[in-house]
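Here is a colleague's note on the ligand site and the pockets, set out as numbered points to be read beside the coordinates.

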Amino acid sequence: MCGIVGYVGYRDCTEVLMDALSKLEYRGYDSAGIAVFDNEEIKVAKSKGRLADLAEKMKKTGRLSGHSGIGHTRWATHGEPSDVNSHPHSGERVTIVHNGIIENYKALKDFLVKEGRCFKSDTDTEVVAQLLDYYYDGDPIATIAAVTKELEGSYALGIIFADFPDTVFAIRRESPLIVGIGEKESFIASDVPAILKYTKNYYLLEHDEIAVLSRYSTSIYDLHYNKINKELKTADWDMDAAEKGGYEHFMLKEIFEQPTSIKTTITPRIVDGLPNLEECGITMEKLNGYKQIFVVACGTAMHAGVVGRYLIEKLARVPVNVEIASEFRYRDPIVSEGDLVIIISQSGETADSLAAMRLAKKLGAETLAIVNAKGSSIAREADMLIYTHAGPEIAVASTKAYMVQIAVMYLFAFELALAKGKITEDECRRLTSLLTQIPDTITKILENKAETQFIASELITADSLLYIGRGLDYALSMEGSLKLKEISYIHSESYAAGELKHGTISLISEGMPVIAVATQSDLFDKTISNIKEVKARGAKVVIVCRDSYNPDKDVADYKFGLPDEVEDLFMPMASVVPLQLIAYYTSVLRGNDVDKPRNLAKSVTVE
Ligand code: M6R
């Protein structure tokens, strides 16, 4: 979490840093700060709160003026959000910004205190600044190399030395960092959208590589001072992808981008009407060999895995375990050679998912990553890789990334079922063709957004609510519930509808909202019975079901209808849309910051 940036060039550095940080604010918004070489002297401005608070503060304290510097937007880990704990942090001659966690900071701090150093903040980052200062002998690269040998944990660091004006140094281990290359200017950033306004060209920094940025040249070294020649990458996103484009929030824009995201993700993977994942390293022979599959991920990405399990087990009859990455990595899982472990991640940097993938590899399993962020750690380390092509997802609440993750799970399940001989080529072709029609279905559903706005207006005063469903509908209830609580701050739970009567139904009281997803024909009657049970106990029921079903008064108070022509198997891609919109409008109506919900960050690079 946290976003870091750095700039060296001819532009007004404060403007560039503030602009770049605004594109990274989704990574944390507890505080913000910048350090700029102003008349060859390092000057710092920082403030608790958002970037806007820093801008306000600078109006009073004075704007920093110069052409090189570093910046930070924080998701607090060590030390409460406060002015003093905000980055940048400084020693006498060194100032830094940091994304990551220094696990051995306590021991390092004790050592430095014994050596007579004084600390101002409670952060692990200040320890790194002081340590750099302690070792500094006039050679920045040697000092950075020496200090990082002592650090345990994760870091992407932007570093400036007082006696090296107009030069920015950077290093990373585990936490992501890119180096942007423009005309007579260069940048560092935690993520590509931060630099897109200025350049599309960038280097991906690898672990323990040190970047040295100056106006006319940028060089990258290893820890032994050897210069490294790296491949210059070009971002395939344009600026619009990282802008709101007329929508009130990124989340709404991203919900509306879903039809396009699905098309760009699946079209290149369909050849002659059949799924073809060969380009991702997945062959029919390989698929035929897997006896057991694990899907490991966090949050919404894990929910995409739950949909995947239903699809794979139903179509290919291969057993699938879906696991939360933070549990999987510590529970000594029974995984071995011949197993396939699928890691799903939008950011490709989620610490627990990355660790789970490394564990799976160590245990001998093959790993397949389904990742949105190009060049991310999970993408680089997996044995096989399917990129989802959703473009940058900026809102903290994941929507289009989830949609393309499940789109990939469909293609994967179809191909696996074909490889295992569980479906015929004709059936595979038919299913693939139905998948290609889903973007149009979603466009149609989005036309009814006003209905979800009305439903949201009925939920805003609730203290707590339930999402229920069976089978695939239960998988969707999980995602609907997470989305709502994440951005509306209303407590909600998802429950398998048939399980309610084993305890949870006692929570139902007069007027408690229950959102019921009932799209699966084979389970429909049973779900309706469960809905009647909660309705009879006073629940206010919203049902998400097929258009043609008209609920009686003893079933539901409100209905959101989905196109009848969608086959049961594909209903998740349809039913998630109203669930996303209900969460979105509930958050808007409650006056919340939809794109940046409290206490959260987009990319979770800590355990
Ligand atoms: O980047 P990842 O997909 O690995 O992130 C996993 C979760 O942190 C993420 O899906 C989170 O649950 C979303 N904010 C939910 O909307």
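The points below take the ligand and its surroundings, and then the two pockets.

1. The model is a predicted one, and the remarks on individual residues and contacts that follow should be read with that in mind.

2. The shell around the ligand holds 14 residues, of which Ser345, Gln346, Ser347, Thr350 and Glu486 come nearest. By class, that shell is made up of 5 nonpolar, 7 polar and 2 charged residues.

3. Which residues offer a polar backbone atom to the ligand, and which a polar side-chain atom? On the backbone side, a polar atom of threonine 300 is 3.2 Å from an oxygen atom of the ligand, while a polar atom of valine 396 is 2.9 Å from a nitrogen atom of the ligand. On the side-chain side, lysine 483 places a polar atom 2.8 Å from an oxygen atom of the ligand.

4. How much of the ligand does the protein bury? Taken alone, the ligand exposes 410 Å², and 90% of that area is buried by the protein.

5. As for where the ligand sits, the space that it takes is the largest pocket. Two elements, α9 (299-316) and α16 (472-488), give two or more residues to the shell around the ligand.

6. The largest pocket contains about 630 Å³ of space, and among the 28 residues that line it, Gly299, Glu486, Ala601, Lys602 and Val604 are the closest to its centre. Glu486 therefore deserves a look from both sides, since it is listed with the residues that come nearest to the ligand and with those closest to the centre of the largest pocket.7. At least two residues of the lining of the largest pocket come from each of α9, β19 (340-345), α13 (400-419) and α16. Sorted by class, this lining has 12 nonpolar, 11 polar and 5 charged residues.

8. The second largest pocket encloses about 490 Å³ of space, and of the 32 residues that line this second pocket, Asp191, Val192, Trp237, Ala373 and Lys374 are the closest to its centre. The elements that give two or more residues to its lining are β11 (201-204) and β14 (233-234).

9. How do the residues that line the second largest pocket divide by class? The lining of the second largest pocket has 13 nonpolar, 9 polar and 10 charged residues, to be set beside the 12 nonpolar, 11 polar and 5 charged residues in the lining of the largest pocket.

Notes
Residues numbered from 1 in each chain as written. Predicted model: local features only at pLDDT ≥ 70, side-chain atom pairs only at ≥ 80, totals over all residues. Heavy atoms only, no water. Near = heavy atom within 4 Å. Polar contact = N/O pair within 3.5 Å; in protein donor to acceptor, adjacent residues only side chain to side chain. Areas by Shrake-Rupley, 256 points an atom, 1.4 Å probe, with all protein chains shown as cover. 1 Å grid on protein atoms, 1.4 Å probe; cavity = no way out; pocket = protein on both sides within 12 Å on 5 of 7 lines; lining within 4 Å. Sits in = over half its atoms within 2 Å of the grid points. Helix = DSSP H or I, 4+ residues; strand = E, 2+ residues; numbered from the N terminus. Nonpolar A, V, L, I, M, F, W, Y, C, P; charged D, E, K, R; others polar. Points joined across faces, edges and corners; volume = space filled by probe spheres on them.
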